[in-house]
Amino acid sequence: ICANPEMKLVRVLLLLMPVVLVYVSGINTEENQDHCLLDSSDDESPSDHSCKTEEIIPSGVSLIQRLHGKYPEKLTVPRSTNVHISVKSTSAYHKPRLSLLLLTWLQTIEPEQVHIITDGVDGWSKEAAQLGFHVVQSNCERTHNREALCCKSGFEYNEFYSEKESGNGYSWYCHFDDDMYVNVGALVDTLAKYKPDRDRLYLGRWSVNRNTKFDVSGDALKHFPKHKTSSYHFGTGAAYCISSSLMKELEPYLRGPKFLETCVHLGLPDDMTVGAVIGAVLGYDLTDVHNINTHLDSLMNLDPHSLKDQISISYGQFTIIGQPVIKNIVDIPDAHFSVDEDPTRFLSYHCLLYPKTSWCRVV
C-alpha cells in the first residue's frame, strides 16, 4: 500500500490512462485524427492537451555519448533468423533515439535482420549502416503527418517483400517505432508459439478496446469491393508483428506506394490502415499480446518482477488538467542509472536484461 497520497494519485491516474486515451481516440474518422496526435513523437498539438503523451528529451544523451564506442557487444540471446525487424525513424530523432537503440537492444540481434527506415543521412545513420544494419532513405516528407507516415510505412513493407523475393525465408514481419526497446528474447519466445507459415496472424495491442467502424463509401469503396466485415480492431502502430502468410495477402494493399494509396482511400493514418485492411478487408482478427508495451500503456504500473518477460517497453509523459506532469516510464528496482542520467530507462532496462554488458559493470 502506498502511504504517500501523491503517489496514490499518480498510480490511479496511470491506471486510468488507457481509458482516457481510448475516449480521446474515438471511433470515427474525425476523432481518429486525435488518435494520431497521441503519438509521442508528434510535432503537432491536439486541441485538448489534457492527455497528450509527450516526448521526453533524453537529457541522458551526454551519458550515451560517454558510453559511445562501447559497442558492439554481440550479446547472446535466443537466435531466430526468421524475423524481419523494421524500425521507423526520422533524422530529427537519430541523435536522441537511434543512438540509444544502437547501444542497447540492437546489440542483441543480427544486423541483417533489421531495416531502419528514415528520411535523412547523418553520422548516426551512417554508423548504423557501418554496423551492418539496413538503413533505407525514404523520399518521404520529414514530418509526422498522415501522408509522411503512410509513405514511410510503404518503404517498410517493401523491404520485407524485396527480401522475400531475394530468397530470405522470413516467417514474420515485426514493426517497432524508434522510441521502443525490444526484448528480443521475449519476442522470439512469443513468436515461437505460433505457426506463421500457416496461420494469418496479426499480433499487437488493441489501440482502442472496441470495434472501429469500417467507414468507407463512394468512390473509395470500389477499391475494397469484397471487404469481409463492417468493423475491425487495430493495434497501436508502435509495435506489432504479422505472419508471412498474412503478409502475402497484404501485398496488393501495402507494398511500396500502395500503402499511401490505401491510406488515402480509407482516410486513415498508417496504424489504422493496417488494422482496417487486415480486419475489415481481409477478415482476420488482431491477437492482443499483453506483454507488448508502448508509450500509450501505463508503464509505471508494470510489475517489476515481470519486466524480463515484456516484449517491449517505451517511455513518455502526460498531463491531466490541474495535475503535475507525470512521467510514464517503467519502474526498475535498484536501477543501474538514475532517472536524470537515463530518462527513458532503456539503459537501466538493458542492464537488467544483460547485466554482464561492459558499460553496465564499469559506469
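Contact here means heavy atoms within 4.5 Å. Keep that in mind as you work through this predicted model.

**Exercise 1. Find out how helices α8 and α9 meet, and which residues do the meeting.**

Step 1: Locate the pair. Helix α8 covers residues 244-254, and helix α9 covers residues 257-266.

Step 2: Look at the axes. They come within 7 Å and cross at roughly 75 degrees.

Step 3: Put a word to that angle. Since 65 to 115 degrees counts as roughly perpendicular, α8 is roughly perpendicular to α9.

Step 4: Pick out the residues. On the α8 side you'll find Pro252, Tyr253 and Leu254, which meet Lys258, Phe259 and Thr262 in α9.

**Exercise 2. Lay out the open sheet and trace some of its pairings.**

Step 1: Write down the order. Seven strands line up as β3-β2-β1-β4-β9-β6-β10, with mixed pairing.

Step 2: Mark the edges. These are β3 (134-137) and β10 (287-288), each of which pairs on one side only.

Step 3: Take β1 (residues 83-88) with β4 (residues 172-177). Six bridges link them, in the parallel sense. Lys88 has Asp177 in β4 as its bridge partner.

Step 4: Now take β2 (residues 114-118) with β3. They run parallel and are joined by four bridges. Opposite Ile117 you'll see Val136 in β3.

Step 5: Follow the chain between those two strands. From β2 it goes through helix α5 (residues 123-130) to β3, in a right-handed β-α-β crossover.

**Exercise 3. Decide whether Lys152 is buried or exposed, and list what it touches.**

Step 1: Find Lys152 in helix α6, residues 146-165.

Step 2: Check the accessibility. Lys152 has a relative value of 4%, so it counts as buried, the cut-off being under 20%.

Step 3: List the contacts, skipping neighbours within four places in sequence. Lys152 touches Lys88, Ser89, Thr90, Ile117, Thr118, Asp119, Ser138 and Cys140.

Step 4: Link this back to the sheet. Two of those names have come up already: Lys88, the bridge partner of Asp177, and Ile117, which stands opposite Val136.

**Exercise 4. Test whether the span of helix α10 fits its number of residues.**

Step 1: Count along the helix. α10 runs over residues 270-281, which is twelve residues.

Step 2: Work out the expected span. You multiply 1.5 Å by one less than the number of residues, so α10 should span 16 Å.

Step 3: Compare. The end C-alpha atoms are 15 Å apart, which agrees.

Step 4: Ask how covered the helix is. Twelve of its twelve residues are buried, including Asp270, Met272 and Val281.

Step 5: Look just past the end. Gly283 follows α10, and its phi is positive, near 85 degrees.

**Exercise 5. Explore the loop between β13 (326-328) and α11 (346-353).**

Step 1: Start with Asp334, which sits in this loop. Its phi is near 55 degrees, a positive value in a residue other than glycine. Asp334 counts as exposed because its relative accessibility is 81%.

Step 2: Move on to Arg345, also placed in the loop between β13 and α11. Phi of Arg345 is positive too, near 75 degrees. Here the relative accessibility is 4%, so Arg345 counts as buried.

Step 3: Finish with Phe337, another residue of the loop. It is buried, at 3% relative accessible area. Phe337 and Ser348 lie eleven residues apart in sequence, and their C-alpha atoms are 5.8 Å apart in space.

Key
Residues are numbered from 1 along each chain as its sequence is written. This is a predicted model: local features need pLDDT of at least 70, side-chain atom pairs count only at pLDDT 80 or more; totals for chains, interfaces and linings use all residues. Side-chain values use heavy atoms; hydrogens and water are left out. Buried means under 20% relative accessible area, exposed over 50%, partly exposed in between (1.4 Å probe, protein chains only). Two strands pair if DSSP finds at least two bridges between them. A crossover is right-handed if, with the strands pointing away from the viewer, the path from the first strand over the helix to the second runs clockwise. Axes are lines fitted to C-alpha atoms, for helices over the stretch in contact, and angles run from 0 to 180 degrees between N-to-C directions. Angles under 35 degrees count as roughly parallel, over 145 as roughly antiparallel, 65 to 115 as roughly perpendicular and the rest as oblique.
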